[in-house]
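Grab a coffee and work through these exercises with the structure open beside you. Try each task before you read its solution.

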Amino acid sequence: MRLTWDWLLPVMPVPYVPTLGPVHPDALGPGLFADIVRVAGTGTFLPYDKDRRWAERKDETALPDMIEHTYVRTLIPTLARRGHGTVTVYAYGPGHDDAADLAAKLAADHTAATARVITFHGPHKDPPAGAALTRVQLREFTPPRPEGQEGPVRPVDGLPEPVQATFAAFADRLTSDGFAFLHSQMQAGTAGPVLTVVDGGRVAGAIGPMETMTDSAGATRLLPQYFGVLPEHRGQGYGRALWRAAMAWGAAHGADYQLLQTEVGGPSDRLCQAEGLTSLGFVTLTKL
């Protein structure tokens with residue numbers, strides 16, 4: 001299905017593309033939506049899809065025949081087969097009840113266990129209270145770029161071997177933050193550098209992997225990282241030190257920007273706001 005950009009753009013308060021996630025405002029355009037429709041059902045990664053670093057085939061795919069597109073609103077459904085299956089309807093514009101109905105119908109049609117709707121709210125509007133919200137944030141590396149900073153942050157592979165060995169226990173404790181998965185990728189040699197802070201001879205916090213990718217407009221994007229500090233070591237400035245070291249790494253490796261999604265009101269969200277990142281709006285995920 002061909003999408004009319006003059007219909008879609010006015011109802012898109014956040015630069016967010018189904019199956020791809022948030023994109024830089026300068027990269028947003030009709031070509032991105034045409035691309036996700038073109039590769040639908042093929043398992044092919046687009047060259048600028050950040051998820052291609054983790055898998056050989058793309059799991060989430062658009063369902064082009066079920067897109068609802070008018071000058072008032074656009075509903076774009078996708079299907080992911082991982083686990084027991086998930087149908088997601090990305091809703092641009094009004095009609096969220098219809099989006100929920102479509103998600104439920106398609107979940108039944110595809111025997112998917114989970115149906116959900118993703119909606120968007122601009123940065124200057126109050127997002128709905130009580131909703132599961134993330135904030136899309138932009139960090140641009142504009143001259144002068146931040147310089148490397150001396151401090152407690154070190155790459156994990158630069159730590160003494162006994163200290164490196166404590167990363168496994170750290171990752172196990174922060175499994176819900178993705179570190180167990182990251183540790184498996186590190187062991188397989190498929191992840192970029194991971195930066196750490198150490199306290200008492202043990203890894204107390206980490207951010208990584210540090211990797212970049214060229215986006216659809218040719219700019220260099222610093223990819224999102226897993227980021228966490230053990231509860232007993234919070235409040236000591238380790239999170240800020242890790243964040244700033246990651247930004248210094250991105251600047252040193254030619255990144256033009258980074259996009260992040262942070263849980264509204266959470267520690268990472270508060271840190272990013274304090275560090276002056278630009279809010280691009282809010283994303284609401286509703287499970288049915």
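## Exercise 1: a bridge across the chain

Arg-244 has a relative accessible area of 35%, so Arg-244 is partly exposed. Keep in mind that this is a predicted model.

**Task.** Find out which residue Arg-244 forms a salt bridge with, and where in the chain the two partners sit.

**Solution.**
1. Start from the side chain of Arg-244: the salt-bridge partner is Glu-275, and the closest N and O atoms are 3.0 Å apart.
2. Now place the two. Arg-244 is in helix α7 (residues 238-252), while Glu-275 is in the loop between α8 (267-274) and β16 (278-287). They are 31 residues apart, so this pair links distant parts of the chain.
3. Check the partner's surroundings too: Glu-275 is partly exposed because its relative accessible area is 24%.

## Exercise 2: bridges within a helix

**Task.** Work out how many residues separate Asp-35 from Arg-38, then do the equivalent for Asp-109 and Lys-105.

**Solution.**
1. Asp-35 and Arg-38 both belong to helix α2 and are three residues apart, about one turn of the helix.
2. Asp-109 and Lys-105 are both in helix α3, four residues apart, again about one turn.
3. Here's the rule behind it: an α-helix has 3.6 residues a turn, so residues three or four places apart point the same way.
4. Look at the side chains. Asp-35 and Arg-38 meet in a salt bridge at 3.2 Å, N to O. For Asp-109 and Lys-105, the closest N and O atoms of the salt bridge are 2.7 Å apart.
5. Add the exposure. Asp-35 is among the buried residues of α2, whereas Arg-38 counts as exposed because its relative accessibility is 55%. Asp-109, at 47%, is partly exposed, and Lys-105, at 44%, is partly exposed as well.
6. To finish, the count for the model comes to twelve salt bridges.

## Exercise 3: a charge without a bridge

**Task.** Asp-215 has no salt bridge. Which side chain of opposite charge is nearest, and what does the side chain of Asp-215 make polar contact with?

**Solution.**
1. Locate Asp-215 in the loop between β12 (212-214) and β13 (220-222). Asp-215 is buried.
2. The nearest side chain of opposite charge is Arg-221, 7.2 Å away. A salt bridge needs the nitrogen and the carboxyl oxygen within 4 Å, so this pair doesn't make the cut.
3. Flip the view: Arg-221, in strand β13, is also buried without a salt bridge. The neighbours that Arg-221 touches include Pro-22, Lys-50, Glu-211 and Tyr-257.
4. Back to Asp-215. A polar contact of 2.6 Å joins the side chains of Asp-215 and Tyr-257. In addition, a polar atom of the Asp-215 side chain lies 2.9 Å from the backbone nitrogen of Ala-217.
5. Leaving out residues up to four places away in sequence, Asp-215 touches His-24, Ala-27, Tyr-48 and Tyr-257.

## Exercise 4: odd backbone spots

**Task.** Thr-19 and Thr-111 each have a positive phi. Is Thr-19 buried or exposed, and is Thr-111 buried or exposed?

**Solution.**
1. Read the angles: phi is about 70° for Thr-19 and about 50° for Thr-111. Neither residue is a glycine.
2. Place them. Thr-19 is in the loop between β1 and β2 (21-22), and Thr-111 is in the loop between α3 (96-109) and β7.
3. Thr-19 counts as buried because its relative accessibility is 9%. Thr-111 counts as exposed, at 66%.
4. One last backbone stop: a cis peptide bond joins Gly-208 and Pro-209, with omega about 0°. Pro-209 lies in the loop between β11 (202-208) and β12.

## Exercise 5: a pocket

**Task.** How many residues line the second largest pocket, and which strands each supply at least two of them?

**Solution.**
1. The lining has 15 residues. Pro-13, Phe-120, His-121, Gly-122 and Lys-125 lie nearest the centre.
2. The strands are β6 (86-92) and β7 (114-121).
3. As for volume, this pocket has about 260 Å³.

Methods
Residues numbered from 1 in each chain as written. Predicted model: local features only at pLDDT ≥ 70, side-chain atom pairs only at ≥ 80, totals over all residues. Heavy atoms only, no water. Helix = DSSP H or I, 4+ residues; strand = E, 2+ residues; numbered from the N terminus. Buried < 20%, exposed > 50% of the residue type's maximum accessible area, 1.4 Å probe, protein only. Lys, Arg positive; Asp, Glu negative; His and termini not counted. Polar contact = N/O pair within 3.5 Å; in protein donor to acceptor, adjacent residues only side chain to side chain. Contact = heavy atoms within 4.5 Å. 1 Å grid on protein atoms, 1.4 Å probe; cavity = no way out; pocket = protein on both sides within 12 Å on 5 of 7 lines; lining within 4 Å. Points joined across faces, edges and corners; volume = space filled by probe spheres on them.
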